[in-house]
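Let's take a friendly walk through a protein model, starting on the inside and working towards its charged pairs. Have the picture ready and look for each residue as we go.

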Amino acid sequence: MKFLFELMLSMLMLTNGSTGEPITREDIQAYLTLHQLNYADVKIVNDRSALLVSVKGEHARASILTKSSKNTLVLRPNEYVWKEDEEGISVEQLGGYLCIAIHDKALSHKMDFVNIIYTDDNMVERKDRYYFNGKQALIIPIPLQKEHLVVAVYGNDGFIHDMIKHVPQAWK
């Protein structure tokens, strides 16, 4: 199922530049409000598509919202679902993005930010920081040409959850 979801996401990213108006944050918010949908994070992946992540209990769910050439928004029927780890956090690669979800078990830590640590082409350690800003999930781009990343999630109470994530580059 994940393979099919990533294939669809990759194909949508390649079809960038179709006719019609590009998708906007306002379009997405209006669609979600109209259909009474809640998503923890949304990332516009090209001018026609957005990746959406929701978190409920021990599961996180990714969906794709696209804008047709007739400017109609369509929520794709394919979804990808994954589970939390023992600490209540999940990190999943979807195409060129990492989806980091904070599940109910870890909400008490009031997550502040996540560091993505990797070495650049000159073997210098790099650290990219992304803030949750009260959100329960983040969708972040994977640094180019990196096979392994350290993902470290920090809570406001001193909680630290880190893991090494293998990110195959087959989506490139």
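## Inside the model

The largest nonpolar core has 19 residues, and those with the most contacts inside it are Leu98, Ile100, Ile116 and Val153. Several strands contribute: strand 6 (89-94), strand 7 (97-102), strand 8 (111-119), strand 10 (137-141) and strand 11 (148-155) each supply at least two of its residues. Strand 8 gives the most to this core, with 4 residues. Apart from this core lies another one, of 16 residues, among them Ala62, Ile64, Leu94 and Cys99. As background, nonpolar side chains tend to be buried together in soluble globular proteins. Please keep in mind that this is a predicted model.

To get a feel for the 19-residue core, try clicking on isoleucine 100. Leaving out residues up to four places away in sequence, isoleucine 100 touches Ser90, Val91, Val114, Ile116, Phe132, Gln136, Ala137, Leu138, Ile140, Val151 and Val153.

## A strand with two faces

Which residues of strand 5 are on its covered face, and which on its uncovered one? In strand 5 (residues 80-83), Tyr80 and Trp82 make up the covered face, while Val81 and Lys83 make up the uncovered one. Strand 5 also has a partner: strand 3 (residues 59-67) pairs with strand 5 in the antiparallel sense, over 4 bridges. You can find one place to look at by searching for histidine 59, which stands opposite lysine 83 in strand 5.

## Charged pairs

Now for the charged side chains. Side chains of opposite charge can pair when their charged atoms come close. How many salt bridges does the structure hold? There are 6 salt bridges, including the ones in this table.

| Acidic residue | Basic residue | N to O distance |
|---|---|---|
| Aspartate 41 | Lysine 135 | 2.8 Å |
| Glutamate 84 | Lysine 105 | 3.7 Å |
| Aspartate 120 | Arginine 126 | 2.9 Å |

Take the salt bridge between aspartate 41 and lysine 135. This pair links distant parts of the chain: aspartate 41 is in strand 1 (residues 41-44) and lysine 135 in the loop between strand 9 and strand 10, 94 residues apart. Is aspartate 41 buried or exposed? Aspartate 41 is buried, because its relative accessible area is 8% and buried means under 20%. Its partner lysine 135 counts as partly exposed, at 35% relative accessibility.

Next comes the salt bridge of lysine 105 with glutamate 84. Lysine 105 lies in the loop between strand 7 and strand 8, and glutamate 84 in the loop between strand 5 and strand 6, so the pair ties together parts that are 21 residues apart in sequence. Glutamate 84 is buried, with a relative accessible area of 19%, whereas lysine 105 is partly exposed at 47%.

## A closer look at arginine 126

The pair of aspartate 120 and arginine 126 forms a salt bridge, and the side chains are also joined by a polar contact of 2.9 Å. Aspartate 120 is buried, with a relative accessible area of 15%, while arginine 126 is partly exposed at 41%. Arginine 126 belongs to strand 9 (residues 125-131).

What does arginine 126 touch, not counting residues up to four places away in sequence? Its contacts are Ile116, Ile117, Tyr118 and Asp120. You may recognise Ile116 from the start of our walk, as it is among the residues with the most contacts inside the largest nonpolar core. Finally, the C-alpha atoms of arginine 126 and proline 143 are separated by 10.0 Å, with the two residues 17 apart along the chain.

Key: Residues are numbered from 1 along each chain as its sequence is written. This is a predicted model: local features need pLDDT of at least 70, side-chain atom pairs count only at pLDDT 80 or more; totals for chains, interfaces and linings use all residues. Side-chain values use heavy atoms; hydrogens and water are left out. Contact means heavy atoms within 4.5 Å. A polar contact is a pair of N or O atoms within 3.5 Å; within protein, one must be able to donate a hydrogen and the other to accept it, and residues adjacent in sequence count only if both atoms are side-chain atoms. A nonpolar core is a set of buried Ala, Val, Leu, Ile, Met, Phe, Trp, Tyr and Cys residues joined through side-chain atoms within 4.5 Å. Buried means under 20% relative accessible area, exposed over 50%, partly exposed in between (1.4 Å probe, protein chains only). Two strands pair if DSSP finds at least two bridges between them. A salt bridge is a side-chain nitrogen of Lys or Arg within 4 Å of a carboxyl oxygen of Asp or Glu.
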